[in-house]
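Colleague: I'm new to this one and would like a close look at a single part. Could you pick a residue and walk me outward from there?

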2 protein chains.
Amino acid sequence: MFNFDFYNPTRILFGKDRLGAIDTLVPADAKVLITFGGGSAKKSGLIDKVKAALGRRQVEEFCGIEPNPRYETLMKAAAIVRSQNIDFILAVGGGSVIDGTKFICLATYYDGDARDLLKFGFRHITSEVVKKVVSFGAVLTLPAAGSEMNSGAVVSYEHGKFPVLSDMTFPKFSILDPTYTFTLPKIQVANGIVDAFVHVGEQYLTFPVAAKLQDRMAEGILQTLVEIGVTTVNEPENYDARANHVWSATMALNGIIAVGVPQDWATHMIGHELTARFGIDHGQTLAIVYPALLDVRKEQKRAKLLQYAERVWHIENGSEDEKIDLAIQKTRAFFESLGIKTRLSEYGITADDIPALIDQLKAHGMVALSETQDITPEISQKILEKAM
Amino acid sequence: MFNFDFYNPTRILFGKDRLGAIDTLVPADAKVLITFGGGSAKKSGLIDKVKAALGRRQVEEFCGIEPNPRYETLMKAAAIVRSQNIDFILAVGGGSVIDGTKFICLATYYDGDARDLLKFGFRHITSEVVKKVVSFGAVLTLPAAGSEMNSGAVVSYEHGKFPVLSDMTFPKFSILDPTYTFTLPKIQVANGIVDAFVHVGEQYLTFPVAAKLQDRMAEGILQTLVEIGVTTVNEPENYDARANHVWSATMALNGIIAVGVPQDWATHMIGHELTARFGIDHGQTLAIVYPALLDVRKEQKRAKLLQYAERVWHIENGSEDEKIDLAIQKTRAFFESLGIKTRLSEYGITADDIPALIDQLKAHGMVALSETQDITPEISQKILEKAM
């Protein structure tokens, strides 16, 4: 097991009818900005409920944080926070709204060109860089990204998606009410399952470091997602299934399964380019790339893939290679059982499109990916070819 | 799944050679009190290393926090904190030292008779009750109690052990270096495994509430403890085994497997009386009571016991009752494989001693125990008789 640090001060309020907690968790004299995405949070009445929970506090609204939130949009919100002297932001939405809000919190009082904050990669932005950060809480409406209980964000600018990490951008609290996700379109629920599943995979399917408990916990999340995936897509109001989906997605990326283990993230980095170039949903890009990546990286991941085959998919018979191949097949079949296509060609992308994607990866510095930093652009190309 | 709140702001620094972090985590101008137990932390040189890590800060020492820390001892430390204007406490030890330090932090500036703080039971002590609380960090030397990453404590007073809970007594940080536990006596390592195992059991072997992920995570801790238990007792310097022991013990009681599920704790409450009356180690009391309790509570816990038999012990054949009985036998055999005796009679206790233990339970108000509050003193008596 590697040495590790773990820190996660976000307060979680999980379950039905938890909005009442907002009144005790948001400072009584705060001027609040509610950030959200499109009209669905408004139309469903959730924004009104949140405003009611804020009582007599002065409240402003910022609507329009798009999927894969864009720098320009977020800077508009930051300008409002500054000009209106907002003390606290309440993000109502999924990963995009919460990610975007984290960036707003960092950018508002950053003393310089906020595009600097996109250049830190996986290094954490400290209080030496940003001296004053706005606080925020979240009301989750989409179980997928895990942003509700971590301090990371991904921001889109020009043709790139940029990670932004800081210990200062944990939500103060997040309200996770599974019933708020009942009205989501099926595809978003399915994307959310894939997103959580691949988050776990990126932290688990690497190489063994005798982190037995972390492995068991990662396997536990994967098994839970497999158990409830099809049900929660097809029975949106099945509370138990959705509650397990919501909590699994949060636990997949709150840092707890990441402690002391190697991490991959190549699938995410390659997937980001598919979103940036073709606008494919994040979850879909992962469903396309991940089975292909596992196939190409069979040797590097052999020990963990075998463990995955046996413990998650209960594959007991066959040679090592047969077990691994079957586990990868079952992974792909699981994504497809949720209604997600897993082949590039099914999204209208041809082999001719691959070189431009590889150029993008290079342009974004993604030339040494994976837990062993040995996925070169050539290997990324092989992965994309496998994904056709 | 029940509604739940989760909050745990303790920063964990895990692994080899982490003491250097103290210098950044303890306020630079703090006057520090180091609390510890007997002489072993001193003799091993750990206290000196901690002092070195504190650099030029003014440091006082308080030695002598005993196992099952006593109110009177802790009040002596609180008097020192007050009279010496201590700003920060550093607890160096296991659960007793850390639990005791939490009580010191609460009691120092409590405006009243500090014995009041023993009367809250499982209710949390808030900032309305204790207005000023001293901050503390911990350096763990014994993997068992989980106190290093939660806000709870147990304090002994007269013939009772009293739970003390407060959101204000999370350690600011805890340093978990498995090598600091290499010199522990075998019995303490074995007790620590049992303690962690039963902590998980108290949160898992209750009744099902469709909390699939919490179940998987609890099972993951149990499986890990079973896998590394005998090894870490017999090979104290096997880093991987001990690292998994340390992290499993922390994860067993940091709240993460408790979210949204019923909790039992009857074994702990009955065990406390055995410690209070006969001075039996906490871990040993759990090893005595738990298999007997599972046996007596077979009907109430049937569904989860079956799941436990199948998932943790991989028992696939036999009737339901055979599977459950075998799982309980295997639990007992596991404790015994660590060198812990599991029968009251093996500790020199006879059936004649049981009525006095039941009187103690009654005197401490422990008359409606378990996840369904239906373990009466009569049932506790049955459990103790089964444990003979």
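**Starting from one alanine**

Modeller: Sure. Keep in mind that this is a predicted model. Let's start with A:Ala53: leaving aside residues up to four places away in sequence, its contacts are A:Leu19, A:Ile22 and A:Asp23. You'll find A:Ala53 in helix H3 of chain A, which covers residues 46-53. Its relative accessible area is 15%, and because buried means under 20%, A:Ala53 counts as buried. For a sense of scale, go 63 residues along the chain to A:Asp116: its C-alpha atom is 36 Å from that of A:Ala53.

Now look at the strands. An open sheet of 7 strands runs in the order E4(A)-E3(A)-E5(A)-E6(A)-E9(A)-E2(A)-E1(B), with mixed pairing. At its edges stand E4 (59-63) of chain A and E1 (4-6) of chain B; each has a single partner strand, so one side of each has no neighbour in the sheet. On average, neighbouring strands here are turned by 15° against each other, ignoring direction. Zoom in on E3 of chain A, residues 32-36: it runs parallel to E4(A), and 5 bridges join the two. One of the pairs is A:Ile34 with A:Glu61 in E4(A).

As for the two chains, a turn of 180° and a shift of 0.0 Å along the axis lay chain B on chain A with an RMSD of 0.0 Å. That's how a two-fold axis relates them. B:Pro9 has the C-alpha nearest the axis in chain B, 2.1 Å away. The copies meet through the same surface, because 100% of chain B's interface residues are also interface residues in chain A.

Note on methods: Residues are numbered from 1 along each chain as its sequence is written. Chains are lettered from A and ligands numbered from 1 in the order in which they are written. This is a predicted model: local features need pLDDT of at least 70, side-chain atom pairs count only at pLDDT 80 or more; totals for chains, interfaces and linings use all residues. Side-chain values use heavy atoms; hydrogens and water are left out. Helices (H or I, at least four residues) and strands (E, at least two) are DSSP runs, numbered from the N terminus. Buried means under 20% relative accessible area, exposed over 50%, partly exposed in between (1.4 Å probe, protein chains only). Contact means heavy atoms within 4.5 Å. Copies are superposed by least squares on the C-alpha atoms of residues with pLDDT of at least 70 in both. Two strands pair if DSSP finds at least two bridges between them. Axes are lines fitted to C-alpha atoms, for helices over the stretch in contact, and angles run from 0 to 180 degrees between N-to-C directions.
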